[in-house]
Amino acid sequence: MQESPFYELIIQRGIEQGSRETYVKNILIILTRRFPLEDVQPVVKVLESIRDLDRLSEIHLSAIDTPSVAAFLQELDSSVK
């Protein structure tokens, strides 16, 4: 059975949305684990606005090395603008 291009587009968008949500979740897990006393909620809105999966992958790695949530947010804000 051949699937329609529209169906394939919907499936692809669903996969991309799931990947974005997973990246955001994993970044927040890293930040929360590394900085349990800091508020990570300001990061959520910025992360959710990013659509590029490659960029989210870079941000994910950056979360591992950042010295603080504030530094991470500052770097994130400067890279999104």
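What follows is a conversation between a reader and an author about a predicted model.

Reader: How confident is the predictor in the protein chain, and where is confidence lowest and highest?

Author: The mean pLDDT of the protein chain is 90, and 95% of its residues reach 70 or more. Among the elements, α3 has the highest confidence, with a mean of 94, whereas α4 has the lowest, with a mean of 86.

Reader: Why is S68 called buried?

Author: The relative accessibility of S68 is 19%, and buried means under 20%, so S68 falls on the buried side of that cut-off. S68 is placed in the loop between α3 (53–65) and α4 (69–80), and, leaving aside neighbours within four places in sequence, S68 is in contact with F35 and E38.

Reader: What makes T66 buried, and which residues is T66 in contact with?

Author: T66 has a relative accessibility of 3%, and because the cut-off for buried is under 20%, T66 counts as buried. T66, like S68, is placed in the loop between α3 and α4. When neighbours within four places in sequence are left aside, the contacts of T66 are L31, R34, F35, A71 and F72. One of these, R34, is 32 residues from T66 along the chain, and the C-alpha atoms of the two are separated by 9.4 Å.

Reader: Why is L61 called exposed?

Author: L61, which lies in helix α3, has a relative accessible area of 52%, and since exposed means over 50%, L61 is therefore exposed. The C-alpha atoms of L61 and Q12 are separated by 24 Å, and these two residues are 49 apart along the chain.

Reader: How do you know that R55 and E58 form a salt bridge?

Author: The closest N and O atoms of R55 and E58 are 3.0 Å apart, and a salt bridge needs a side-chain nitrogen of Lys or Arg within 4 Å of a carboxyl oxygen of Asp or Glu, so the pair meets that condition. Side chains of opposite charge can pair when their charged atoms come close. The structure holds one salt bridge.

Reader: What separates R55 and E58 within helix α3, and why are both called partly exposed?

Author: Because R55 and E58 are three residues apart in helix α3, about one helical turn separates them. R55 has a relative accessible area of 22% and E58 has a relative accessibility of 47%; partly exposed lies between under 20% and over 50%, so both residues are partly exposed.

Reader: Why is I10 called partly exposed, and which surface patch does I10 help to make?

Author: I10 is placed in helix α1 (residues 5–34), and its relative accessibility is 42%, which is neither under 20% nor over 50%, so I10 counts as partly exposed. Together with F6 and L9, I10 makes a nonpolar surface patch of about 300 Å².

Reader: Which residues touch the most other members of the largest nonpolar core, and which elements give residues to this core?

Author: The largest nonpolar core has 19 residues, of which L31, V43, L47, I59, F72 and L76 touch the most other members. Two or more residues of this core are given by each of α1, α2 (41–48), α3 and α4, and the largest share, five residues, comes from α1. As for V43, leaving out residues up to four places away in sequence, V43 touches L28, L31, V69, F72, L73 and L76.

Note on methods. Residues numbered from 1 in each chain as written. Predicted model: local features only at pLDDT ≥ 70, side-chain atom pairs only at ≥ 80, totals over all residues. Heavy atoms only, no water. Helix = DSSP H or I, 4+ residues; strand = E, 2+ residues; numbered from the N terminus. Buried < 20%, exposed > 50% of the residue type's maximum accessible area, 1.4 Å probe, protein only. Contact = heavy atoms within 4.5 Å. Patch = residues over 30% accessible without salt bridge, like charges linked within 9 Å, V, L, I, M, F, W, Y side chains within 5 Å. Areas by Shrake-Rupley, 256 points an atom, 1.4 Å probe, with all protein chains shown as cover. pLDDT = per-residue confidence, 0-100. Core = buried A, V, L, I, M, F, W, Y, C linked by side-chain atoms within 4.5 Å.
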